[in-house]
Amino acid sequence: MPLSRRLFRGFLGIALFSALFGFAAPSYAADERVCNLGGAHDPALQEELVRLADEQGLTPAAERGDLAIGLLVLTDPDHPRLAQINGDQMIYAASLPKIAILLGAAVAIDEGQLKPDWALRQDIQNMIRYSCNDCATRVLRRVGREQLLEVLQRPNYAFYDPRRGGGIWVGKEYGPTPAYQRDPLHGLSHGATVFEVARFYCALQRDELVSPEQDRMMMEALSKPAIHHKFVKALSGDQGLDLYRKSGTWKDFHADSALVHDGDDTYVMVALAHNPQGAKWLERLAEPMRRLATSHKTAMTTKQSSPAVATLTASRVAVLAASR
């Protein structure tokens with residue numbers, strides 16, 4: 001089945017599921033969400049990102065749905081520039097969705113439901129910087145399973161919405177216990193889309209995620225990443241970078257995400273992969289994505305991508321436009 005037809009059928013399936021089974025998703029206007037990226041899609045940046053995937057030999061993986069990439073440039077705060085491949089495709093993301101637990105803790109603290117004691121703050125930092133599973137489970141239990149899923153689906157966040165293919169989901173503790181609530185669209189215990197992860201970092205950068213105090217707490221937890229692989233490994237030799245980062249690894253699933261302060265430039269990089277070589281893919285993508293984010297190109301390039309990549313771009317952009 002051609003890629004564009006398969007994706008269109010997937011979009012219809014999501015709508016049909018919601019209509020038939022009445023999965024509860026909050027009703028909201030698009031402009032209510034934090035970091036509304038309506039109109040942010042940048043054709044020139046999109047062309048360059050797709051060409052990058054092609055040059056890295058990753059077009060077949062993207063066409064199979066085994067790779068999703070997003071690049072959001074926030075250098076001009078009034079004019080964000082977004083490019084993505086499989087941006088709304090939900091993939092198992094291992095520890096990356098611990099950013100959702102981080103958000104849940106920040107909301108609970110801000111609303112007075114959770115006391116920010118020393119033990120909680122240590123668990124939050126270790127959950128993010130070192131990806132400590134026991135720490136993540138303790139924080140999740142203090143936030144509350146149902147409470148976290150409610151936060152993710154609040155109208156102002158909508159980080160999970162079945163009408164847009166899902167998003168960020170945590171339905172399992174980080175340990176040997178079984179999942180308590182898999183995401184209703186894909187059955188994932190820990191899932192994400194690159195679009196929603198990028199929007200999370202965007203809202204944090206804009207200081208509009210929870211509150212100034214809690215946004216600072218989250219930025220501090222995401223700073224000083226202690227696991228040096230994937231994006232961090234590739235960019236560790238570059239001077240003047242501040243990375244706010246969360247990654248994930250489980251078997252053949254590899255994920256990475258980072259808000260990058262790079263001199264006068266600010267951007268978000270996200271990638272999700274399902275392949276034994278996925279960690280290497282993400283490492284190879286990091287530096288070229290940085291160059292795209294800092295190149296400040298505003299016009300479409302005349303260089304042509306392969307036919308397969310052009311098809312990939314057109315189909316994903318069409319589905320993106322239909323589902324936003």
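C35 sits at just 1% relative accessibility in this predicted model, so it counts as buried. Its sulfur is bonded to that of C202, with an S to S distance of 2.0 Å. C35 belongs to the loop between α1 (3-21) and α2 (43-55), while C202 is part of helix α8 (residues 194-205), so the disulfide ties together parts that are 167 residues apart in sequence. C202 comes out at 0% relative accessibility, so this cysteine is buried too. As for handedness, the torsion about the S-S bond of C35 and C202 is about 85°, so the link is right-handed.

A search of the whole structure turns up 2 disulfides. Besides the pair just described, there is one that joins C132 to C135, with the sulfurs 2.4 Å apart. The link of C132 and C135 is right-handed, with 75° about its S-S bond. Its two ends are covered to unequal extents: C132 has 23% relative accessibility and counts as partly exposed, whereas C135, at 4%, is buried. The cut-off matters here, because buried means under 20% relative accessible area. Number the bonded cysteines in sequence order and the pairing reads 1-4, 2-3.

Next comes helix α2. Its 13 residues should span 18 Å at 1.5 Å a residue, and the C-alpha atoms at its ends are indeed 18 Å apart, so expectation and model agree. Of those 13 residues, 10 are buried, so α2 is largely enclosed by the rest of the structure. The buried set isn't just greasy side chains by name: among its members are L45, L49, V50 and L52, but also Q46, E47, E48 and R51. At the start of the helix, D42 offers a side-chain oxygen that comes within 3.1 Å of the backbone nitrogen of A44. Past the other end, α2 is followed by G57, which has a positive phi near 75°.

Zooming out, the secondary structure of the protein amounts to 12 helices and 10 strands. Buried residues account for 56% of the 324 residues. Among contacts with a separation of 6 or more, 69% are between residues 24 or more positions apart. The protein exposes about 13,400 Å² in total, and carbon and sulfur atoms supply 53% of that area.

Terms used
Residues are numbered from 1 along each chain as its sequence is written. This is a predicted model: local features need pLDDT of at least 70, side-chain atom pairs count only at pLDDT 80 or more; totals for chains, interfaces and linings use all residues. Side-chain values use heavy atoms; hydrogens and water are left out. A disulfide is a pair of cysteine sulfur atoms within 2.5 Å. Helices (H or I, at least four residues) and strands (E, at least two) are DSSP runs, numbered from the N terminus. Buried means under 20% relative accessible area, exposed over 50%, partly exposed in between (1.4 Å probe, protein chains only). Contact means heavy atoms within 4.5 Å. Accessible areas come from the Shrake-Rupley method with a 1.4 Å probe; for residues, only the protein chains shown count as cover. The expected span of a helix is 1.5 Å times one less than its number of residues. A polar contact is a pair of N or O atoms within 3.5 Å; within protein, one must be able to donate a hydrogen and the other to accept it, and residues adjacent in sequence count only if both atoms are side-chain atoms.
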